[in-house]
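Biologist: Before we go through this model, I would like to hear the reasoning behind each label and not the label alone. Could you set each value against its cut-off as we go?

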Amino acid sequence: MSRSILVAVVLGLMLVASPLRGQSPLAELPYAALPAELDRVLRDYEHAWRAGDATALASLFAEDGFILQSNRPPVRGRSAIQAAYEGQAVGPLQLRAIAFATGDTIGYIIGTYRYGSAPNDIGKFTLTLRRAPGEPWLIYSDMDNLNTTPGSQRPPEQ
C-alpha cells in the first residue's frame with residue numbers, strides 16, 4: 001500500500017512540474033531606476049566600451065577588482081583588467097539594471113545587456129560595488145554571462 005502512495009505522489013509531482021519545463025522564456029524583467037551615482041557607473045561603462053577604451057574601463061574598477069567572464073579565468077587588479085579589455089571592448093553596448101542595493105560602502109547592480117538595436121537582451125551581469133565614504137562607486141567585481149551557449153549566439157550588432 002505504501003508503494004502505491006509513493007507512485008501516486010511521484011506521478012502527481014511530475015504532472016505539476018512538467019508544464020514548468022515547457023514554458024517559454026521568462027518575460028523581460030522591468031527596468032530598475034537607479035540613483036544617479038549608480039547610473040553613472042553603467043553609463044561610464046557603456047561609453048568606455050563603445051569607444052574601445054580599456055584604460056577608461058579599468059578606471060571604473062577598484063584597484064583590486066575582478067572581472068569574471070564566461071569561459072575565461074578570473075582577472076584581478078586594475079592593470080590586468082585593462083590588459084584583458086584591450087581589443088575586446090568595442091561595440092554599441094547597452095546596460096539595463098533590473099535590481100540594485102547599496103549600503104554606506106558596498107552595493108550591487110544586477111542587470112542585463114544587449115548590443116545596438118537588438119530587440120532582446122543577450123546576457124546578464126552582476127556588478128558588486130564599493131567605495132570609501134563620500135567617494136564615487138567603483139566596481140569591485142563584474143560577472144557576466146550569455147543567455148545562450150556561446151556556439152549558438154549571434155555576434156553583436158556593430
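Biologist: Which residues form the aromatic cluster?

Modeller: In this predicted model, Y45, W49, F61 and Y85 form one aromatic cluster, and a search of the whole structure finds five aromatic pairs. One of those pairs is F61 with Y85, whose ring centres lie 6.3 Å apart with 50° between the planes.

Biologist: What makes the pair of F61 and Y85 tilted?

Modeller: Ring centres must lie within 6.5 Å to pair, and planes under 30 degrees apart count as stacked while those over 60 count as edge-to-face. At 6.3 Å the two rings qualify as a pair, and their angle of 50° falls into neither of those classes, so the pair is called tilted. The pair links distant parts of the chain, with F61 in strand β1 (residues 61-69) and Y85 in helix α4 (residues 78-85), 24 residues apart. Both F61 and Y85 are buried.

Biologist: Why is the pair of F66 and Y140 called edge-to-face?

Modeller: The planes of F66 and Y140 stand at 75°, with the ring centres 5.7 Å apart, and because the angle is over 60 degrees the pair is edge-to-face. F66 lies in strand β1 and Y140 in strand β6 (residues 138-146), so this pair ties together parts that are 74 residues apart in sequence.

Biologist: How do you know whether Y140 is buried, partly exposed or exposed?

Modeller: Buried means under 20% relative accessible area and exposed means over 50%; Y140 has 22%, which lies between the two, and therefore Y140 is partly exposed.

Biologist: Why do you say that the span of helix α2 agrees with what is expected?

Modeller: Helix α2 (residues 36-51) has 16 residues, which at 1.5 Å a residue should span 22 Å, and its end C-alpha atoms are 22 Å apart, so the two values agree. The buried residues of α2 are L38, V41, L42, Y45, E46, A48 and W49, and just after the helix G52 takes a positive phi of about 70°.

Biologist: What makes strands β3 and β4 a pair?

Modeller: At least two bridges are needed for strands to pair, and nine bridges join β3 (residues 93-102) to β4 (residues 106-115), so the two strands count as paired, and they run antiparallel. They form a hairpin with three residues between them, and within this pairing L95 stands opposite Y113 in β4.

Biologist: How do you know that R114 is buried?

Modeller: R114, which is found in strand β4, has a relative accessible area of 12%, and because this is under 20% the residue is called buried. Leaving aside neighbours within four places in sequence, R114 is in contact with several residues, including E28, P92, R96 and P119.

Biologist: What makes the approach of R114 to P119 a polar contact?

Modeller: A polar atom of the R114 side chain lies 3.3 Å from the backbone oxygen of P119, and since the limit is 3.5 Å this pair of atoms falls within it.

Biologist: Why is N147 counted as partly exposed?

Modeller: N147, in the segment after β6, has 40% relative accessibility, which lies between 20% and 50%, so N147 counts as partly exposed. The side chain of N147 reaches the backbone oxygen of D121 at 3.2 Å, and the C-alpha atoms of N147 and I122, 25 residues apart along the chain, are separated by 5.5 Å.

Key:
Residues numbered from 1 in each chain as written. Predicted model: local features only at pLDDT ≥ 70, side-chain atom pairs only at ≥ 80, totals over all residues. Heavy atoms only, no water. Phe/Tyr/Trp six-rings, centres within 6.5 Å; stacked < 30°, edge-to-face > 60°. Helix = DSSP H or I, 4+ residues; strand = E, 2+ residues; numbered from the N terminus. Buried < 20%, exposed > 50% of the residue type's maximum accessible area, 1.4 Å probe, protein only. Expected span 1.5 Å × (residues − 1). Polar contact = N/O pair within 3.5 Å; in protein donor to acceptor, adjacent residues only side chain to side chain. Contact = heavy atoms within 4.5 Å.
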